[in-house]
Protein chains: 2
Amino acid sequence: MGIQGKIHNQIRRLRFEHDEMTQAALAKAAGVTRQTIMSLEANKYSPSLELAFKISRVFNKPLTEVFSYEQTEP
Amino acid sequence: MGIQGKIHNQIRRLRFEHDEMTQAALAKAAGVTRQTIMSLEANKYSPSLELAFKISRVFNKPLTEVFSYEQTEP
DNA sequence: ACTAAAAGTAAAAAATATATTACTTAATGT
DNA sequence: ACATTAAGTAATATATTTTTTACTTTTAGT
């Protein structure tokens with residue numbers, strides 16, 4: 001999707017707050033590829049809900065603290 | 001994805017709580033097809049994060065009140 | 001019983017996310 | 001300066017989500 005709002009994430013920041021966790025380490029912990037993490041940090045696309053939950057769980061944060069939806073009113 | 005946890009949603013319940021909102025009405029409000037809503041209620045797959053945010057917004061609830069991630073410990 | 005609206009089912013196409021592979025660039029330590 | 005590790009880029013393949021279309025069944029009202 002992608003006309004209305006945009007998804008932002010705090011992945012990069014949270015990685016550093018978690019002892020400079022590496023992209024590869026996060027990827028492994030979340031059960032995805034490093035490229036997936038890369039693409040998310042580079043905002044190439046937004047993740048599936050499942051992946052969003054997994055990443056949040058790695059950081060021990062509620063999903064909405066990791067991902068946010070910036071809505072442009074239609 | 002889909003080995004570890006499962007995503008549950010409260011869409012159907014929330015539709016009824018919102019004045020018996022119809023699947024078609026929710027679909028329109030969220031900017032997707034009725035089939036998409038159907039498939040989500042039938043748990044055929046889990047949505048994109050963006051759609052999850054959109055649906056939550058229609059119900060005026062935080063995402064985590066509409067969608068939950070039931071995690072089976074690995 | 002009839003009608004209309006809503007919900008369910010299904011198949012295939014289109015769009016988007018994720019994996020795989022491989023290479024390049026940047027950063028860090030020795 | 002060299003080696004190593006992390007990060008960035010990119011192309012293609014695979015998987016998953018969403019649309020489109022069309023038809024069937026259920027539900028509610030008259």
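The largest share of the surface near DNA strand D, three residues, comes from H3(A), where a residue counts as near a molecule or strand if one of its heavy atoms lies within 4 Å of it. Helices (H or I, at least four residues) and strands (E, at least two) are DSSP runs numbered from the N terminus. This is a predicted model, in which local features need pLDDT of at least 70 and side-chain atom pairs count only at pLDDT 80 or more, while totals for chains, interfaces and linings use all residues; side-chain values use heavy atoms, with hydrogens and water left out. Residues are numbered from 1 along each chain as its sequence is written, and chains are lettered from A, with ligands numbered from 1, in the order in which they are written.

**DNA strand D**

- DNA strand D is surrounded by 18 residues, the closest being A:Arg12, A:Thr22, A:Arg34, B:Thr36 and B:Tyr45, and sugar and phosphate make up 67% of the atoms of DNA strand D that come within 4 Å of the protein.
- The side chain of B:Thr36 has an N or O atom 2.4 Å from a phosphate oxygen of DNA strand D, and a polar side-chain atom of A:Arg12 lies 2.7 Å from a phosphate oxygen of DNA strand D.
- A base is also approached, since the side chain of B:Gln35 places an N or O atom 3.2 Å from a base nitrogen of DNA strand D.
- Helix H1 (11-17) and H3 of chain A, together with H3 of chain B, are the elements that give two or more residues to this surface.
- By class, the surface near DNA strand D has six nonpolar, nine polar and three charged residues; here Ala, Val, Leu, Ile, Met, Phe, Trp, Tyr, Cys and Pro count as nonpolar, Asp, Glu, Lys and Arg as charged, and the others, Gly among them, as polar.

**DNA strand C**

- Around DNA strand C there are 18 residues, of which A:Thr36, A:Tyr45, B:Arg12, B:Thr22 and B:Arg34 come nearest, and 66% of the atoms of DNA strand C within 4 Å of the protein belong to sugar and phosphate.
- An N or O atom in the side chain of A:Thr36 is 2.5 Å from a phosphate oxygen of DNA strand C, and a polar side-chain atom of B:Arg12 lies 2.6 Å from a phosphate oxygen of DNA strand C.
- For B:Arg34, the partner is a base oxygen of DNA strand C, 2.8 Å from an N or O atom in the side chain.
- Helix H3 (34-41) of chain A, with helix H1 (11-17) and helix H3 (34-41) of chain B, each supply at least two residues of the surface near DNA strand C, and H3(B) gives the most, with three residues.
- The surface near DNA strand C divides into six nonpolar, nine polar and three charged residues.

**Where the two chains meet**

- In chain B, 25 residues are in contact with 25 residues of chain A, contact meaning heavy atoms within 4.5 Å.
- Between them, chain B and chain A bury about 2200 Å², 64% of it on carbon and sulfur atoms; buried area is the accessible area (1.4 Å probe) that two parts lose on being put together, summed over both.
- Two residue pairs, both at pLDDT 80 or more, are in polar contact between chain B and chain A, a polar contact being a pair of N or O atoms within 3.5 Å, where within protein one must be able to donate a hydrogen and the other to accept it, and residues adjacent in sequence count only if both atoms are side-chain atoms.
- H4(B) gives the most to the side of chain B that touches chain A, with seven residues, and that side has 12 nonpolar, nine polar and four charged residues.
- The rule finds zero salt bridges across this interface, a salt bridge being a side-chain nitrogen of Lys or Arg within 4 Å of a carboxyl oxygen of Asp or Glu.

**Within the chains**

- Over all chains the structure holds eight salt bridges, including one in which the side chains of A:Arg12 and A:Glu41 meet (2.8 Å, N to O).
- A:Arg12 lies in helix H1 of chain A and A:Glu41 in helix H3 of chain A, so this pair ties together parts that are 29 residues apart in sequence.
- B:Asn43 is found in the loop between H3 and H4 of chain B, and has a phi near 55°, a positive value in a residue other than glycine.
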